[in-house]
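I opened this model to look up how its strands are arranged and what lies against them. My entries follow in the order in which I went through the elements.

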Amino acid sequence: MATYTVTRVRRETSVDGSHEHIEGICTDMGIHYTRKEVFDSICGGDVWLTVIGGFTAEISTQSFCPAARCLAAPYLKTNPDSTLLDNLENLPPC
């Protein structure tokens, strides 16, 4: 089991153009991983974390995008906590 630190994200526009998804992430080592690669890694037991400004959040998965009628899959997310800084959606681009 490995632990990865995520510092940046790459976004893509949804098929209908109404919102964005995380296409992939970049680690503190500067390596880009696709959303599917991260999803498979988490399902395999690896841990993926955002670490920003002293705050940490664990990345988790769900089958599909939570937006109505959006079937983008798989989907990566962080759970809201005491700060927005470590939310996956708020990380800078890579």
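**Hairpins and sheet**

I began with the hairpin of S2 and S3, which has four residues between its strands, and noted that Gly 30 in the turn has a positive phi of about 80 degrees. Strands, like helices, are DSSP runs numbered from the N terminus, with E and at least two residues for a strand, and H or I and at least four residues for a helix. I kept in mind that this is a predicted model, in which local features need pLDDT of at least 70 and side-chain atom pairs count only at pLDDT 80 or more, while totals for chains, interfaces and linings use all residues. I also noted that residues are numbered from 1 along each chain as its sequence is written, and that side-chain values use heavy atoms, with hydrogens and water left out.

I then looked up the register of this pair: S2 (residues 20-27) and S3 run antiparallel and are joined by three bridges, where two strands count as paired if DSSP finds at least two bridges between them. Gly 24 stands opposite Thr 34 in S3, and Ile 25 stands opposite Tyr 33 in S3.

On its other pairing, S2 meets S1 in the antiparallel sense over seven bridges, with Arg 10 opposite Gly 24 in S2. S1 and S2 also form a hairpin, with six residues between them, and Gly 17 in that turn has a positive phi of about 75 degrees.

Going out to the whole sheet, I found six strands in the order S3-S2-S1-S4-S5-S6, forming an open sheet with mixed pairing. The edge strands, each pairing on one side only, are S3 (32-34) and S6 (75-78).

**Burial and helix**

Why is S2 largely enclosed by the rest of the structure? I found that seven of its eight residues are buried, so the surrounding structure largely encloses S2; buried means under 20% relative accessible area, with a 1.4 Å probe and protein chains only.

Next I looked at Ser 41, which is found in helix H1. Ser 41 counts as buried because its relative accessibility is 12%. Leaving out residues up to four places away in sequence, Ser 41 touches Tyr 4, Asp 46 and Trp 48, contact being heavy atoms within 4.5 Å.

Technical notes
Buried < 20%, exposed > 50% of the residue type's maximum accessible area, 1.4 Å probe, protein only.
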